[in-house]
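Subject: Structure for your review

Dear colleague,

Please find below the structure that I am handing over to you, together with its sequence. My findings follow underneath, arranged by topic.

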Amino acid sequence: MITISVVCGIIWQEDKIFIARRKPDKSLGGHWEFPGGKIEKGEDPVVALKRELLEELGMKIKDIHYFGQHNHSYETFDINLVAYSCQFVEATFEMTDHDAYAFKSKEDLVKYRFAPADINFVQQLLTL
């Protein structure tokens with residue numbers, strides 16, 4: 001089975017975390033996630049995160065720190081998801097892969113239907 005390397009941002013603005021909902025026509029449409037995207041071959045994960053956030057949301061971030069890594073198996077592929085905690089700077093919020101976004105407290109994250117690979121990070125955040 002193929003393994004896809006993906007990076008995501010746990011993006012803080014004060015005590016709230018940014019989440020985005022995948023468009024219905026996308027893979028896992030309707031699920032919420034910590035945004036990011038595929039890491040290109042040979043690309044540094046932090047560079048990939050900055051690039052993906054800028055492409056997908058017009059977003060800039062700072063103070064980027066490794067948060068964790070999680071492997072998840074879907075039916076047709078595996079995902080190696082690397083998460084970075086970072087601070088929100090600014091965004092145009094012109095969304096290419098998402099149809100909604102929100103800044104929520106970590107306690108509120110359990111009210112959202114997250115993509116399965118992201119659930120591990122939701123659980124980790126609740127222990128902070």
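How many aromatic pairs does a search of the whole structure find? The search finds 11 such pairs. Please bear in mind throughout that this is a predicted model.

Aromatic pairs

One of these pairs consists of F67 and F121, whose ring centres are 6.0 Å apart and whose planes stand at 65 degrees; an angle over 60 degrees counts as edge-to-face, so this pair is edge-to-face. The pair links distant parts of the chain, since F67 belongs to strand 5 and F121 to helix 2, with their positions 54 residues apart in sequence. Both F67 and F121 are buried.

A further edge-to-face pair is formed by F88 and F103, with 5.3 Å from centre to centre and 80 degrees between the planes. This pair, too, links distant parts of the chain: F88 lies in strand 6 and F103 in strand 7, 15 residues apart. F88 has a relative accessible area of 15% and is therefore buried, the limit for that class being under 20%. F103, at 22%, is partly exposed. F88 and F103 also belong to one aromatic cluster, which is formed by F18, F88, F93, Y101 and F103.

Helix 2

Which residues of helix 2 are buried? They are A117, D118, F121, V122 and L125. Viewed down the axis of helix 2, these buried residues fall within an arc of 140 degrees, so they line one face of the helix. The general reason for such a pattern is that an α-helix has 3.6 residues a turn, so residues three or four places apart point the same way. The cover over the buried residues of helix 2 includes strand 1, strand 2, strand 3, strand 5 and strand 6.

The largest pocket

The largest pocket has a volume of about 430 Å³. Its lining comprises 22 residues, and V6, R22, E33, G37 and I79 are those that lie nearest the centre of the pocket. By class, the lining has 12 nonpolar, three polar and seven charged residues. At least two lining residues come from each of strand 1 (2-13), strand 4 (36-38), helix 1 (45-57), strand 6 (77-91) and helix 2 (116-126). Strand 1 gives the most, with four residues.

Individual positions

I61 is located in strand 5. Its relative accessibility is 11%, so I61 counts as buried. Leaving out residues up to four places away in sequence, I61 touches I11, L49, K50, L53, C86, Q87 and V89. I61 and Q87 are 26 residues apart in sequence, yet their C-alpha atoms are 5.5 Å apart in space.

Is S105, in the loop between strand 7 and helix 2, buried or exposed? S105 is buried, because its relative accessible area is 14%. Apart from neighbours within four places in sequence, S105 is in contact with D15 and K16.

G42 sits in the loop between strand 4 and helix 1. With a relative accessibility of 83%, G42 counts as exposed, because the limit for that class is over 50%. G42 and Y101 are 59 residues apart in sequence, and the distance between their C-alpha atoms is 30 Å.

Yours sincerely

How values were computed:
Residues are numbered from 1 along each chain as its sequence is written. This is a predicted model: local features need pLDDT of at least 70, side-chain atom pairs count only at pLDDT 80 or more; totals for chains, interfaces and linings use all residues. Side-chain values use heavy atoms; hydrogens and water are left out. On a 1 Å grid over the protein atoms alone, a cavity is a set of points where a 1.4 Å probe fits but cannot get out, and a pocket is an open set with protein on both sides within 12 Å along at least five of seven lines; lining residues have an atom within 4 Å of a point. Grid points are joined across faces, edges and corners, and a volume is the space filled by probe spheres set on the points. Ala, Val, Leu, Ile, Met, Phe, Trp, Tyr, Cys and Pro count as nonpolar, Asp, Glu, Lys and Arg as charged, and the others, Gly among them, as polar. Buried means under 20% relative accessible area, exposed over 50%, partly exposed in between (1.4 Å probe, protein chains only). The arc is that of the directions from the helix axis to the C-beta atoms. Contact means heavy atoms within 4.5 Å. Rings of Phe, Tyr and Trp (its six-membered ring) pair if their centres lie within 6.5 Å; planes under 30 degrees apart count as stacked, over 60 as edge-to-face and the rest as tilted.
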